[in-house]
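Please open the structure in a viewer and keep the sequence panel at hand. The tour below moves from one selection to the next and describes what is found at each stop.

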Amino acid sequence: MVEHTTLVTGGAGYIGSHAVLALRDVGQGVVVIDDLSTGARTAISSDVPFFEGNVADDALVRSVIREFGVDAVMHFAGSVVVPESVENPLKYYKNNTCVSRTLVETCVEEGVANFIFSSTAAVYGTVEINPVTEDLPPCPDSPYGKTKLVTEWMLRDVSAAIPGFRHIALRYFNVAGADPLGRAGQSTPNATHLIKVACEAAAGRRDYVAIFGEDYDTPDGTGVRDFIHVTDLVEAHMLALAHLRGGGESLVLNCGYGKGFSVREVLEAVRRYSGTNFEIRGSSRRPGDIPVLIADAEKIRECLGWAPHHDTLETIVAGAVNWERSLKPSNGE
Ligand SMILES: NC(=O)c1ccc[n+]([C@@H]2O[C@H](COP(=O)([O-])OP(=O)(O)OC[C@H]3O[C@@H](n4cnc5c(N)ncnc54)[C@H](O)[C@@H]3O)[C@@H](O)[C@H]2O)c1
């Protein structure tokens, strides 16, 4: 009989599937709800309890919480594509904000005390000074960042109002890489994440990779980002879970390494590691993109004792390339 059970929403997606593995690796209970809008059933082992559905379906969530004795939620389910959020903001306000509101309400009504939320560095917007600390007033540029920020605010208010309910909002910087044992990786269809796109090009699944903006005020003119390995990110979730279960206070924490790589550096690293010379094309800036964004990662080290183990660009790129190579070609390729 497992002592604790975590409901992982979006567990069939990229990051959620790694969290499911981590929970199982330490023998903790886990149950997944995912509507498979961007996730895949095959991303999670068939012996993990899985319910296909929307996390805004309160009857479903309620029955899962009761059946499995859920005491914590890792809320990964959401919509993640910044340019799409600019074109279709209502989709994002619905899926990232309204859906989260319903889920939180169900958790509160069912007495689930511990809630971990997948937030994003996009809440900061365009910043003057890097690295960014959590107390910098957030000013998101994109609807995506705004929808996540509103959910952070909601969680802060709920945690203040409801005795016993506490949360940790983890602001992820750029998540990349794959499970070191090769059990999971990123399979998101039509992904826009830089390293995923580059790996697809290296595997011959894309003709080229576009660099959106080569005229930023950065050393090589391309955007600079803080990339975090998915396994280090999931470790942050495990520590956050232990913190909340141990009665720790609600927190907002950056998840990044505190160092940046330019888009061009990353593409060159993928070319080098994969031994391919896929085409790189310059393109104009995308709406909602930020020139430079690097985490100040001190607070998560202090509050949770987090320490990364996979924090080199080579490790991140190698895992992602190897994962991409392991994927079967889809129809038509
Ligand atoms: N990937 C990144 O670099 C990154 C950066 C910052 C924040 N995040 C956040 O992390 C979370 C996970 O991102 P990911 O990269 O794994 O994305 P993903 O698209 O691979 O995973 C999201 C999962 O949630 C499911 N889902 C979406 N809406 C749902 C709903 N209403 N009900 C049930 N299931 C639903 C999808 O089917 C998918 O399996 C997201 O909330 C995202 O905003 C990701």
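Begin by selecting V32 and F50: the bridge partner of V32 in β3 is F50. Helices (H or I, at least four residues) and strands (E, at least two) are DSSP runs, numbered from the N terminus. Residues are numbered from 1 along each chain as its sequence is written. The model is a predicted one, in which local features need pLDDT of at least 70 and side-chain atom pairs count only at pLDDT 80 or more, while totals for chains, interfaces and linings use all residues.

**Stop 1: strand β2 and its partners**

Extend the selection to β2 and to strand β3 (residues 50-52), which pair in the parallel sense over 3 bridges. Two strands are said to pair if DSSP finds at least two bridges between them. On to strand β1 (residues 5-9): 5 bridges join β1 to β2, and the two run parallel. Here T6 has V30 of β2 as its bridge partner. Adding α1 completes a right-handed β-α-β unit made of β1, α1 and β2. Right-handed means that, with the strands pointing away from the viewer, the path from the first strand over the helix to the second runs clockwise.

Is β2 mostly covered or mostly uncovered? It is mostly covered, since 5 of the 6 residues of β2 are buried. A residue is buried if 20 or more other C-beta atoms lie within 10 Å of its own, exposed if 12 or fewer, and partly exposed in between, with C-beta atoms placed from the backbone.

Next select G29, which is found in strand β2. G29 counts as partly exposed because it has 19 C-beta neighbours inside 10 Å. Now measure from G29 to T6: the two are 23 residues apart in sequence and 6.2 Å apart in space, C-alpha to C-alpha.

Move on to L36, in the loop between β2 and β3. The phi of L36 is near 60 degrees, a positive value in a residue other than glycine. With 13 C-beta neighbours inside 10 Å, L36 counts as partly exposed.

**Stop 2: strand β5**

Select β5 next. All 7 of the 7 residues of β5 are buried, so this strand is largely enclosed by the rest of the structure. In a regular strand the side chains alternate between the two faces of the sheet. Both faces of β5 are covered, with N114, I116, S118 and T120 buried on one side and F115, F117 and S119 buried on the other.

Which strands pair with β5? Strand β4 (residues 72-75) pairs with β5 in the parallel sense over 4 bridges, and M74 has I116 of β5 as its bridge partner. Strand β6 (residues 166-172) is joined to β5 by 7 bridges and runs parallel to it; there, S119 has R171 of β6 as its bridge partner. Include helix α5 (residues 143-161) to see a right-handed β-α-β unit of β5, α5 and β6.

In the loop between β5 and α5, select P131. The peptide bond from N130 to P131 is cis, with omega near -5 degrees.

**Stop 3: the ligand**

Select the ligand and its surroundings. 30 residues surround the ligand, and the closest are G10, G13, G39, A77 and G78. A residue is counted here if its C-beta atom, placed from the backbone, lies within 6 Å of the molecule. At least two residues of this shell come from each of α1 (14-25), β2 (29-34), α4 (89-110), β5 (114-120) and β7. The largest share, 3 residues, comes from α1. By class, the shell has 13 nonpolar, 15 polar and 2 charged residues. Ala, Val, Leu, Ile, Met, Phe, Trp, Tyr, Cys and Pro count as nonpolar, Asp, Glu, Lys and Arg as charged, and the others, Gly among them, as polar.

**Stop 4: the two domains**

Finally, colour domain 1 (5-176 + 227-255) and domain 2 (194-225 + 258-326), as given by the domain assignment of the protein. Such bounds come from an automatic or database domain assignment. The contact takes 31 residues from domain 1 and 29 residues from domain 2, where two residues are in contact if their C-beta atoms, placed from the backbone, lie within 7 Å. On the side of domain 1 that touches domain 2, α7 gives the most, with 7 residues.
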